[in-house]
Amino acid sequence: MRIHAAALAVLAGSLLAATTPAQAAAHQGGLHLGKIQYNSPGSDTRTNTSLNAEWVEIHNNTRSAIQLRDYKLKDNTGYTYTFGTYRIGAGATVRVHTGKGTNTTAHRYWGRSSYVWNNTSDKARLIRPSGTQLDSCAWTTSNNGTKYCH
């Protein structure tokens with residue numbers, strides 16, 4: 001019986017692993033980068049709709065709200081989005097869009113008129129107000145234009 005139970009546990013683990021997205025990484029605690037849509041779907045037309053389909057999610061996996069004032073989101077080129085006064089709730093996710101829009105609790109807008117994230121290779125960095133890096137997430141292929149960081 002013990003051999004069968006162990007074999008069943010291994011098989012169940014293999015099946016669960018097979019159903020998880022190939023790009024998914026282990027979920028990270030604290031404040032961290034989540035999913036990134038670095039290549040907006042369709043043609044790169046530089047319309048505001050297309051620019052806003054390029055975004056980065058930041059997730060607060062803590063039990064407390066966090067003030068993000070002066071936190072920065074940067075790419076390899078040095079393009080930088082700096083948060084103004086904004087609190088991300090406990091367990092909440094905020095999506096930072098490249099284009100223009102009206103900021104809400106769940107969506108912030110960079111206000112750019114050109115793309116930030118390179119489709120074939122780039123790295124998103126979340127920087128604390130002190131200047132130290134809190135988290136980063138890199139990609140080297142366009143795939144479907146989405147990266148699951150943590």
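In this predicted model, strand 1 (residues 30-37) and strand 2 run antiparallel and are joined by 6 bridges. One contact between these two strands can be traced by residue: Gln37 has Trp55, in strand 2, as its bridge partner.

Strand 2 also has a connection to strand 7 (residues 93-97), with which it runs antiparallel, and 5 bridges join the two. Here Glu57 stands opposite Arg95 of strand 7. How much of strand 2 is buried? Strand 2, which spans residues 55-61, is mostly covered, with 6 of its 7 residues buried. Buried is used here for a relative accessible area under 20%.

A general point helps in reading such pairings. Strands of a sheet pair through backbone hydrogen bonds, and the arrangement may be either parallel or antiparallel.

The reader may now turn to another group of strands. An open sheet is formed by 4 strands in the order 5-4-9-10, with antiparallel pairing. Which strands stand at the edges of this sheet? They are strand 5 (80-82) and strand 10 (133-139); each has a single partner strand, so one side of each is left without a neighbour in the sheet. On average, neighbouring strands of this sheet are turned by 15 degrees against each other, direction ignored.

The pairing at one of these edges can be followed in detail. Strand 4, made up of residues 72-74, pairs with strand 5 over 3 bridges in the antiparallel sense. Among the residues involved is Lys72, whose bridge partner in strand 5 is Thr82.

Key. Residues are numbered from 1 along each chain as its sequence is written. This is a predicted model: local features need pLDDT of at least 70, side-chain atom pairs count only at pLDDT 80 or more; totals for chains, interfaces and linings use all residues. Side-chain values use heavy atoms; hydrogens and water are left out. Two strands pair if DSSP finds at least two bridges between them. Axes are lines fitted to C-alpha atoms, for helices over the stretch in contact, and angles run from 0 to 180 degrees between N-to-C directions. Buried means under 20% relative accessible area, exposed over 50%, partly exposed in between (1.4 Å probe, protein chains only).
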